[in-house]
Amino acid sequence: MTLSPADLPAVRAALLAWFDRAGRDLPWRVGPEGGRDPYRVWVSEVLLQQTQVARGRVYFERFLTAFPTVEALAAAPVEAVLKAWEGCGYYARARNLHRAAGVIAREGMPTTHEGWRALPGVGPYTAAAVSSLAFGEARAVSDGNVRRVLARVHGERQPTEPWVQARADELLDPARPAAFNEAVMDLGAMVCTPRNPRCHECPVSAWCTAFASGEPASFPAPKVRAAVRQVRAVALLLGDEREAVLERRESTFLGGLMGLPTEVVGEGEGEGDALARLAARLGVTVAGELGTVTHTMTHRLVTLTVYGGRGGPARTPVADAALSRLDHKALGLWRARQGSLFPEV
Ligand code: SF4
């Protein structure tokens with residue numbers, strides 16, 4: 001059976017009854033339905049955009065411990081915000097969060113979708129989530145979970161963003177928009193999962209085209225992924241895992257973050273050329289290779305060969321800087337070397 005406009009009330013009722021029974025208890029769901037704490041909702045939505053909920057919970061608790069209120073976030077130096085964001089990736093989000101907190105501290109917390117959209121870095125998804133979950137506005141959220149659930153219910157293999165938003169808008173329960181949004185998020189996370197949807201536990205299976213097809217996981221069709229670009233680079237670890245030379249990366253990958261001095265190996269260039277360029281720039285002597293680490297970022301696979309060295313600029317405490325996971329892996333090479341038979345490089 002497929003979904004018709006006449007079915008909408010029954011689908012909403014089934015979904016909300018399931019949510020009232022089985023919805024998740026999450027640390028950012030503080031406050032009543034439609035009146036959640038807006039700061040918590042906002043931080044969680046920004047954090048969870050590229051992070052699994054299990055890991056996101058840990059990051060969320062850490063961030064809220066560091067900055068329990070929007071005023072505390074606004075008053076903090078941006079370096080401290082980046083440090084608390086460490087591991088979450090997409091550091092531009094942390095910068096925008098900090099900038100927007102400054103606006104909120106000066107002008108007050110927006111209470112509408114429009115008001116949230118006007119803040120730096122707040123897109124339609126986050127604005128819909130905060131305005132509905134915290135202020136009860138009838139705005140349907142449309143993220144990856146919502147896209148998957150709606151594509152399956154309607155049997156749509158190629159759902160476009162406008163299509164998903166239109167289906168979400170028409171299905172949204174006008175009487176309980178906040179609960180409805182949380183319910184679809186939970187259904188996508190707990191029941192209508194990407195690979196093995198639990199259709200026999202699903203409150204909307206009676207209206208679901210994908211379920212009726214017998215191959216629910218084949219909806220929607222997989223997205224064509226952009227090719228992953230290979231990036232080779234060399235880095236110098238001058239110091240140790242506690243104190244090392246750190247630079248702010250401006251133009252290469254991980255721009256804006258502090259990290260080990262790094263040089264990208266150019267087209268047609270050997271690793272030795274990039275290393276010589278890096279050593280000359282810093283005025284140091286290369287002492288030996290520590291090893292190679294790899295790290296995948298959006299559409300990029302970085303292979304970083306790390307060398308030890310002597311001399312050069314002043315070392316700074318590593319623990320105070322916000323470092324990428326790539327840099328933590330590079331520092332791990334130093335630790336591994338200390339435990340080996342040949343610790344000197
Ligand atoms: S019936 Fe299955 S495929 Fe359809 S919405 Fe529910 S879990 Fe997803």
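What follows is a short chat about a predicted model, its ligand shell and one of its sheets.

Visitor: Ground rules for the numbers?
Guide: Residues are numbered from 1 along each chain as its sequence is written. The model is predicted, so local features need pLDDT of at least 70 and side-chain atom pairs count only at pLDDT 80 or more, while totals for chains, interfaces and linings use all residues.

Visitor: How many residues surround the ligand?
Guide: 14, the closest being Cys192, Cys199, Cys202, Cys208 and Pro216. A residue is near a molecule if its C-beta atom, placed from the backbone, lies within 6 Å of it.

Visitor: Which elements give two or more residues to that shell?
Guide: Helix 9 (144-154) and helix 12 (209-213). Helix 9 has the largest share, 3 residues. Helices (H or I, at least four residues) and strands (E, at least two) are DSSP runs, numbered from the N terminus.

Visitor: Switching to the sheet. What order are the strands in?
Guide: The order is 5-1-7-6, an open sheet of 4 strands with mixed pairing. Two strands pair if DSSP finds at least two bridges between them.

Visitor: Which strands stand at the edges?
Guide: Strand 5 (262-264) and strand 6 (284-297); each has a single partner strand, so one side of each is left without a neighbour in the sheet.

Visitor: And how many bridges join strand 1 to strand 7?
Guide: 9, between residues 229-237 and residues 300-311, and the two strands run parallel. Ala235 stands opposite Val306 in strand 7.
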